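Please walk through the structure shown here, with attention to its charged pairs, its helix packing and its unusual backbone geometry.

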Amino acid sequence: MFPELHSRSCFSFLAGASTPEALVLEAARLDMPAVALVDIDNLCGAPQFYMAAKKTGMRAHVGAEITIEGKRRLTLLAENRTGYQNLSRLITSMKLRASKGAHRASEEELRQYSEGLVCMTRGEAPLDWLTSIFGAKNIAVELRHYGIRDEEARNEWLVSEAEKRKLAIVACNAPHYATQDERELHDVLTCIRNKTTIAEAGQLLAINAERYLKSPRQMARLFRDWPDALAGARDLSQRLDFTLANLGYKFPPYPVPDGETMNSFLRKRTEEGARERFQNYDERTRKQIERELALIEKLDLAGYFLIVWDIVQFCRKNGILAQGRGSAANSAVCYALRITAVDPIALDLLFERFLSENRGEMPDIDIDLPSGDQRERVIQYVYKRYGDRGAAMTANYITYRGRSGCRDVGKVLGYDPKELDRLANCVSTWGYHDSTETIERLFASAKLPFDARTEKFMDLYGRIRSLPRHLGQHSGGMVICQGELDQVVPLEPATMPGRVVIQWDKEDCADLGLIKVDLLGLGMMAVLEESVHRIRAFHREEIDLGQLPPHDEKIFDDLQRADTIGLFQVESRAQMASLPLVRPEKFYDIVVQVAIIRPGPIVGNLYHPYVRRRQKLEPADALHPSLERVLRRTLGVPLFQEQLLRMAMITANFTGSEAEELRRALGFNRSEKRMRSIEGKLRAGMNGNNITGPTQDRIVEAITSFALYGFPESHAASFALLAYASAWLRCNYRAVFTAALLNNQPMGFYSPETILKDAQRHGLRVLPVDILQSEWQCVPVGDISNPSLRLGFNYIRGMREPVGEALVQERQHGPFTSIVDVTRRVPFLQKDETRRLAQVGAFNSLNVEHRRKALWQAEWALRPAGPLLDQLEPVASESPLQEMNPVERIFADFAGSGVTVGRPPVAFHRDQLNAMGVTRASDLGRMPHGKRVRIAGAVICRQRPGTAKGFAFYSLEDETGIANGIVKPADFEANHLVMTSAPYLMMEGLLQNQRGAISVRVERAEALHLGPSTVHSHDFR
């Protein structure tokens, strides 16, 4: 049998075309006993390769091609755990000391980390030099056979050199892809890597398509003249006994005071927190905490909980808002330690969803932090506490998506830039409509021929999608290790200074038992934190987000009217369509609302039954009387993963661990064999409880179909808490909350202009940027009982923060008296920044009559210094320019800052729109269901979710509010360019007014020409 000891995967990043799993599956089909994955300068694909091989029973060898000086590469294979650790540290050393992409292993590094490694070579470096580093027994000379000229001569030379030095020879095919038909994709990747087209690539491409996984029979035929090479490959494979099951990873212990163990220390901190946090610290709560602590102690996880607690303590001491979410919210211990903010006892959440004895994986605690500098402070704290090599960010593989795949494949096939732009605009819809007829229509709408090149483009585009392009970093996952992490997984520098990234993503870490803590940046956390600080500074009031009034009627009035712009999780177009139908009345209704507007409940046909029951149009019956308590709060409809687990525990006597295993078994990677086994176990358990016949069938169907779609109740509760807090702050401190929203863009569904206009429609007075009044950020000003909002210098496009802060500081020495005074007192204010300030009217308070005069004076103020021009100042500073009219001022606002405190552009065309029969958005609620109407405005949102069967959803904003349109698939495709790119649209159709959920079922749409685009639309996300 032949083992392939030199295969590359797509994790060689543009130098390999197959996934690790594809290589393993093909090798298994060919009946190979073992395969080695040796990607270029990384071990990124090793976990996926190992996990796939584990399922097939194949041996997965670990190695890498290491780049040395002269861009030559040595193939190094790990013989044992020492060799693996040295390979990992070698890659780390060469990566961390060099700039991105410029890494090379030095001779010193090769000698330092050579133990336990076998080097395969084809003469890339002198054999005597390699022997002096690795030793003769750890050198193998590699022979290949691709059927090209001079190959046999080279192999003969290599064999003779090996014999002289008594070195082993091994046969390899060194595949770059699993099967021969992937050669075209590999050529495309080669062109992308070398920034050329397929027509110009020439000798950059392989001479033939022989670099694929070949069967043992093929290799025996190719190497019949060198049987020792085949035997050498088998012998070397037998020597390599390391697998990723032998990583040796350990989580670090938490330092505790003398006389304490980690378990005793955790118990004390939990007891202290429980007495403070639980409003009703009763026997039930005590028993739950004791049960959790006993399991934590049994699984030796006290250190993990203490380390997360320590991070949260750092946040509290430094005034950083932090909240744990995800399944950790099911834990009473996490709540007592202030890691999470949701009381799991009060909400009756299931602990086993977070942690169980037989779960087989580590608990995962996510901590939401304010995005930006605050989160970075926490990340740097972890780096400092655990050392440069003791903690690192988790990787994220940047894969080809719609537009990136389209552009790169299009460039390789020779499309010009303008064609690529039109092509990329079509890409967003291909995931849902992939018939030939649809693709032809899309190409026609993009004015591109559907020819042979097009067909090849479509084929290659489909194959490149989801392949990794380069290594990035996860948004916040951090792996912490006892000792040095680079002995477990290679590290490399992140693009951001001060950060180091491991070469595995979060799924790889979970598969191999590496424990991570997610420190996630959440824009709304930054908004809430800033709001609390500004309320303290401006209103002189202290707000505790954990102690907000539980039932503020104003909040639920807003939710029932879908008045939710700027609120967390409930501001999307789909949420706005749903809220008037379900009419939330209490906090738990928000928990349900967060969970139900997601693909799972919609695909699983759970949404409409819940809405009908909410409207009392059908009875809220559970599937069985025994499930009444489990499903009561969701009106008999299973919405949450915790309900799935409890259903199995009640009806089929599953233990908590068995129920969690059920959830995992029925996940995205479900297999038919496991499905049949699980269903049999469910039915057997229900038979024992006398649940039979149609009732049993309905419960089994609900569990097996719902498991794929269920959302964790704990996660929904954590998000609902933030949604409620954002709604409460907006209702009670609108100026403060709006300022914080504007200061923390981009986030959410809506542009700053839409947020600002919504606040104005609710009565908030918004003041423009003013050189004498504005701060760097937007701030509340005026009477604390009815404050206004002043826009900050941060909304001047292109203005640098140090300049804005300097303007504010300089005013402390006295107000500016003229534009010249501004430029002289803040000399590093650049020309573009000065012009932008004049453009938006920020200088008007300096006794400048209008903006064009300010622009003229700004140019004069920016003139070169010197006596010749200085003596002309009184005359030359007088502006000959006419004042801007209102429309010009509005577009100047948008050009200079992206927002306007004046009327939106649509307002200036109201007479024209009235003549066209267009109804204002604010008037739609007073019109009857089924009436034919026209709506128009700036497109602020385009959505086309995969669950909507091709329907597209539009939000159009006019001067009075937002109107929503629903476009049929055929109409969307027929007018693709208009529907995807027009900044202003008019839509005509039948009004749908269902219990306050208002939209227009569009029958006709056309572009309106109301001037340049002013609002950035949230498109197809």
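Arginine 633 is partly exposed in this predicted model, because its relative accessible area of 35% lies between the 20% limit for buried and the 50% limit for exposed. Its salt-bridge partner is glutamate 713, and the closest N and O atoms of the two are 3.0 Å apart. Glutamate 713 lies in helix α31 (residues 713-732), whereas arginine 633 lies in the loop between α26 (628-631) and α27 (641-652), so the pair ties together parts that are 80 residues apart in sequence. Glutamate 713 has a relative accessibility of 4% and therefore counts as buried. The bridge thus has a buried acidic end and a partly exposed basic end.

This pair is one of 65 salt bridges that the structure holds. As a general matter, side chains of opposite charge can pair when their charged atoms come close.

A second group of charged residues involves strands. Arginine 932 forms a salt bridge with glutamate 988, with 3.7 Å between the closest N and O atoms. The two sit in distant parts of the chain, arginine 932 in strand β18 (residues 932-943) and glutamate 988 in strand β21 (residues 984-994), 56 residues apart. Glutamate 988 counts as buried, because its relative accessibility is 14% and the limit for buried is under 20%. Arginine 932, at 45%, counts as partly exposed.

Arginine 932 also meets glutamate 1003 in a salt bridge, at 2.8 Å from N to O. This contact links strand β18 to strand β22 (residues 997-1007), the two residues being 71 apart in the chain. Glutamate 1003 counts as partly exposed, with a relative accessibility of 39%. Through shared partners, salt bridges join Arg932, Arg934, Glu988, Glu1003, Arg1004 and Glu1006 into one network.

Helix packing can be followed in α1 (20-29) and α2 (residues 46-56). In general, two packed helices are described by the angle between their axes and the distance between the axes. For α1 and α2 the angle is about 30° and the axes are 8 Å apart. An angle under 35 degrees counts as roughly parallel, so α1 is roughly parallel to α2. Their crossing is right-handed. On the α1 side the contact is made by Pro20, Glu21, Val24 and Ala28, which meet Gln48, Phe49, Ala52, Ala53 and Thr56 of α2. These contact residues divide into six nonpolar, two polar and one charged.

The backbone remains to be considered. Most residues other than glycine have a negative phi, and most peptide bonds are trans. Leucine 14 departs from the first pattern, with a positive phi near 75°. Leucine 14 is found in the loop between β1 (4-7) and α1, and its relative accessible area of 8% makes it buried.

Arginine 540 likewise has a positive phi, near 60°. Arginine 540 is found in the loop between α20 (523-539) and α21 (553-560). Whereas leucine 14 is buried, arginine 540 is exposed, with a relative accessible area of 69%.

The peptide bond from glutamine 745 to proline 746 is cis, its omega being near 0°. Proline 746 is found in a loop as well, between α32 (734-743) and α33 (752-761).

Definitions and conventions
Residues numbered from 1 in each chain as written. Predicted model: local features only at pLDDT ≥ 70, side-chain atom pairs only at ≥ 80, totals over all residues. Heavy atoms only, no water. Helix = DSSP H or I, 4+ residues; strand = E, 2+ residues; numbered from the N terminus. Buried < 20%, exposed > 50% of the residue type's maximum accessible area, 1.4 Å probe, protein only. Axes fitted to C-alpha atoms, helices over the stretch in contact; angles between N-to-C directions. Parallel < 35°, antiparallel > 145°, perpendicular 65-115°, else oblique. Left-handed = near helix turned anticlockwise from the far one by under 90°. Contact = heavy atoms within 4.5 Å. Nonpolar A, V, L, I, M, F, W, Y, C, P; charged D, E, K, R; others polar. Salt bridge = Lys/Arg side-chain N within 4 Å of Asp/Glu carboxyl O.
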